[in-house]
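Some terms used for protein models rest on cut-offs. The turns below ask how each term is earned, and set the values against the definitions.

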Amino acid sequence: MSSNPYAGILQKQRDFFHSNQTKDLKFRRKQLKHLLEVITTNEDVLFDAIYQDIGKSKLETIATEIGLIKSEINHTLTHLDEWAAKEYVPTVLANFPASSYVISEPLGSVLIIGAWNYPLLLSFHPMISAIAAGNTVIVKPSELAANTSRAITQLINENFDTQVAYAIEGGIKETTDILNNKFDKIFFTGSTPVGKIIYQSAAKNLTPVTLELGGKSPAIISSDASIKLAAKRIIWGKFVNSGQTCVAPDYLLVDQKIREKFITELKNQLVAIHGENPENSEGLTRIINEKNFDRLQRLIDEKLVIHGGTSSKENLFIAPTLLFPVPKEHPIMEDEIFGPILPILEYSELNEAIEFIKSKPKPLSLYTFTNSSKTKQKVLDEISFGGGGINETLVHLGNHHLPFGGVGSSGMGNYHGKYGFDIFSHKKAIHEKSNLFEPNIKYPPFTNFKTKIIKWLLQ
Ligand code: NAD
C-alpha cells in the first residue's frame with residue numbers, strides 16, 4: 001500500500017476544481033439539492049445508524065441533526081446568489097476614478113474532519129458550506145460513531161462523483177495519512193488536544209484551518225433568575241445526548257442565596273423530564289463507548305452526589321447526576337466532562353463567578369440566567385466566550401443567522417449560514433480603474449502643491 005493512499009483522490013478533486021466547473025452557481029446548487037434528496041431518501045438508514053451508535057431517538061436525531069442539516073441546505077439555496085455576488089465597496093478619494101469590489105472565490109480542495117457526538121451534523125453541515133462556496137470536499141467522519149461513519153461514507157461515495165465529494169472512514173492512522181496531503185482548507189471539529197495536532201499539521205503547508213473545539217462551558221444562575229424555567233432549560237441542555245454535546249453547560253455557578261430552591265427545582269425537573277427511572281427515558285442516549293463510560297464513572301465523586309449517580313456498564317448508561325457542593329479545585333473542574341454529570345458550585349458575588357470563569361480557558365459557550373439587564377450586560381461585557389444564551393441553553397447553534405464557533409482554546413473561526421460560506425471562500429479584493437483620465441498626482445516631479453493634495457486626500 002502506498003504511504004499516501006489518498007493522493008490520487010485529492011489529485012482528481014484538484015483537477016476537477018481547476019476545470020472551473022465548481023465556480024458555476026448552478027453546479028453548486030445542483031450538488032446541494034442532490035445532497036438534500038440523498039439525505040431525505042436515506043433517513044431511515046441514518047436513524048438506524050445513530051440509534052446503534054448511541055441509542056438516540058428518531059425525534060432527537062431530527063431535532064439535533066437531520067432537521068438542522070436540511071434547514072441549512074434550504075437556507076443556503078435561498079441565499080447563495082446573494083452570498084456569492086460581487087460586493088461593491090466605496091473607493092477612497094485618492095484612488096478615483098475607479099470602482100472597488102470583493103469577489104468570493106472558492107479555496108479549492110477542502111478537508112472536513114468530524115467528531116462522533118453529532119456525527120451527521122458535524123460532517124454534513126460544514127460540507128454544505130464548502131460546496132456552496134464552490135470547493136471540492138473530502139469528509140472524514142469520526143470512527144467512534146462507527147455505524148454512522150459507515151452510513152455517511154456510503155451515502156457520499158455512492159451518490160457523488162469522487163471529484164466533487166468523497167468520504168473516508170478511519171481513525172488516527174487514516175487521518176494522519178490524509179493530513180500528509182496539502183489541502184486548501186481544513187475544517188476540524190473535535191477536542192482541543194487533537195485540534196492542536198491538526199493545527200500543527202496544517203502549518204507545514206500554511207493551510208488555513210477552522211477549529212471547532214470544546215472545553216468547559218459554564219452557566220451562571222443569578223439570584224434574580226426565573227428559577228423553575230432556568231432549571232428546566234438547563235436540565236434539557238445538559239442532558240440531551242446524555243451531556244455529550246460540545247455546547248452543553250459543563251458546570252453551574254449558582255448564587256448562594258437561591259442555592260437550595262434552585263437545586264430542588266433541578267431535581268424536580270429531572271424527574272419531570274426523564275422520569276423516576278431515567279434508564280427508560282427515550283430522551284437519554286447511551287455513552288459512546290466503554291472508555292468514556294469508565295472515564296465518566298471516575299468523575300462521579302460519591303460524597304457529592306445529590307441526585308442520580310447510578311449506572312449500567314452493560315448498557316453504557318449513566319443516570320443524570322448532580323454533584324454538590326463542588327469545590328473549585330475538584331478534579332471534575334479540570335477537563336470538559338462530556339457526559340451526564342453536572343457539578344454545581346456556588347458564589348456569593350457575581351464578580352467571584354466572573355473571575356473564576358476568566359481564570360480558565362475561554363469557553364465555547366456561556367449561559368446566563370437572570371432577569372436583570374445589568375447582570376446580563378456585565379457578563380457579556382466582561383467574559384470572552386464563543387457564543388451562548390441569556391435564559392436559554394444550546395439553541396444559539398441552531399440559528400443560521402448567528403456565527404457558531406469558539407475563541408481561544410475553544411476554537412478559531414466560525415460557521416453556519418453566510419459565516420460558513422465565508423470561511424470556505426477567499427475574499428479577492430479588486431480595484432478597477434477607469435480609463436477616462438489619469439490624474440498626474442502620483443508621478444514625479446513631486447511639487448509642494450502635489451504634496452498638499454496628497455496630504456488632503458489621505459487625511
Ligand atoms: P476527537 O478530537 O477525539 O476526534 C475528532 C476527530 O479527530 C475524529 O474524526 C478522529 O478520528 C480524529 N482524531 C482523533 N485523534 C487524532 C489524531 N491523533 N490525529 C489526527 N486525527 C485524530 O474528538 P471527539 O471525541 O470525536 O469529540 C469530542 C470533542 O469534540 C469534545 O471536546 C467536544 O467538545 C468537541 N466538539 C466540538 C464541537 C464544536 O462544534 N465546537 C462539536 C462537537 C464536538
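Q: How do you know which residue of β18 stands opposite Y101 in this predicted model?
A: Residue I430 of β18 stands opposite Y101, and A98 likewise has an opposite number in β18, namely K433. These positions belong to the antiparallel pairing of β2 (residues 98-106) with β18, which extends over nine bridges.

Q: What makes β1 and β2 a pair of strands?
A: Two strands pair if at least two bridges are found between them. Three bridges join β1 to β2, and the two strands run antiparallel, so β1 and β2 meet the requirement of at least two. Within this pairing, V89 stands opposite S100 in β2.

Q: Why are β1 and β18 called the edge strands of their sheet?
A: The sheet is open and holds three strands in the order β1-β2-β18, with antiparallel pairing. Strands β1 (87-89) and β18 (425-433) each pair on one side only, and that is what the name edge strand expresses. Neighbouring strands of this sheet are turned by 30° against each other on average, with direction ignored.

Q: Why is one side of β10 and of β16 left without a neighbour in the sheet?
A: The sheet in question is open and has seven strands in the order β10-β13-β14-β9-β8-β15-β16, with mixed pairing. Because β10 (305-307) and β16 (387-390) stand at its edges with a single partner strand each, one side of each has no neighbour in the sheet. From one strand to the next, the twist averages 25°.

Q: How do you know that β15 and β16 count as paired, and in which sense do they run?
A: The cut-off is at least two bridges, and β15 (residues 365-369) pairs with β16 over four bridges, in the parallel sense. The requirement is therefore met. One of the bridge partnerships is that of L366 with G388 in β16.

Q: What makes the pair formed by the side chain of S191 and the ligand a polar contact?
A: A polar contact is a pair of N or O atoms within 3.5 Å. A polar side-chain atom of S191 lies 2.7 Å from an oxygen atom of the ligand, so this pair falls within the cut-off. The same reasoning applies to E336, with a polar side-chain atom 2.5 Å from an oxygen atom of the ligand, and to W116, where the value is 2.9 Å. Of the 840 Å² of accessible area that the ligand has on its own, the protein covers 90%.

Q: What makes up the shell around the ligand, and which residues come nearest?
A: A residue is counted here if one of its heavy atoms lies within 4 Å of the ligand. There are 25 residues around the ligand, and G114, E143, S191, L213 and E336 come nearest. By class, the shell divides into 13 nonpolar, eight polar and four charged residues. At least two shell residues are supplied by each of α7 (172-179), β6 (185-189) and α8 (192-203). Both domain 1 (7-213 + 409-427) and domain 2 (218-403) contribute at least three residues each.

Q: Why is the phi of L206 worth pointing out?
A: Most residues other than glycine have a negative phi. L206 is not a glycine, yet its phi is positive, at about 55°. This residue is found in the loop between α8 and β7 (209-212).

Q: How do you know that the peptide bond from F96 to P97 is cis?
A: Its omega is near -5°, and the bond is accordingly listed as cis; P97 is found in the loop between β1 and β2. Another cis peptide bond joins P444 and P445, with omega about 0°, and P445 is found in the loop between β18 and α15 (448-457). As a general background, most peptide bonds are trans.

Methods. Residues are numbered from 1 along each chain as its sequence is written. This is a predicted model: local features need pLDDT of at least 70, side-chain atom pairs count only at pLDDT 80 or more; totals for chains, interfaces and linings use all residues. Side-chain values use heavy atoms; hydrogens and water are left out. Axes are lines fitted to C-alpha atoms, for helices over the stretch in contact, and angles run from 0 to 180 degrees between N-to-C directions. A polar contact is a pair of N or O atoms within 3.5 Å; within protein, one must be able to donate a hydrogen and the other to accept it, and residues adjacent in sequence count only if both atoms are side-chain atoms. Accessible areas come from the Shrake-Rupley method with a 1.4 Å probe; for residues, only the protein chains shown count as cover. Ala, Val, Leu, Ile, Met, Phe, Trp, Tyr, Cys and Pro count as nonpolar, Asp, Glu, Lys and Arg as charged, and the others, Gly among them, as polar. Domain bounds come from an automatic or database domain assignment.
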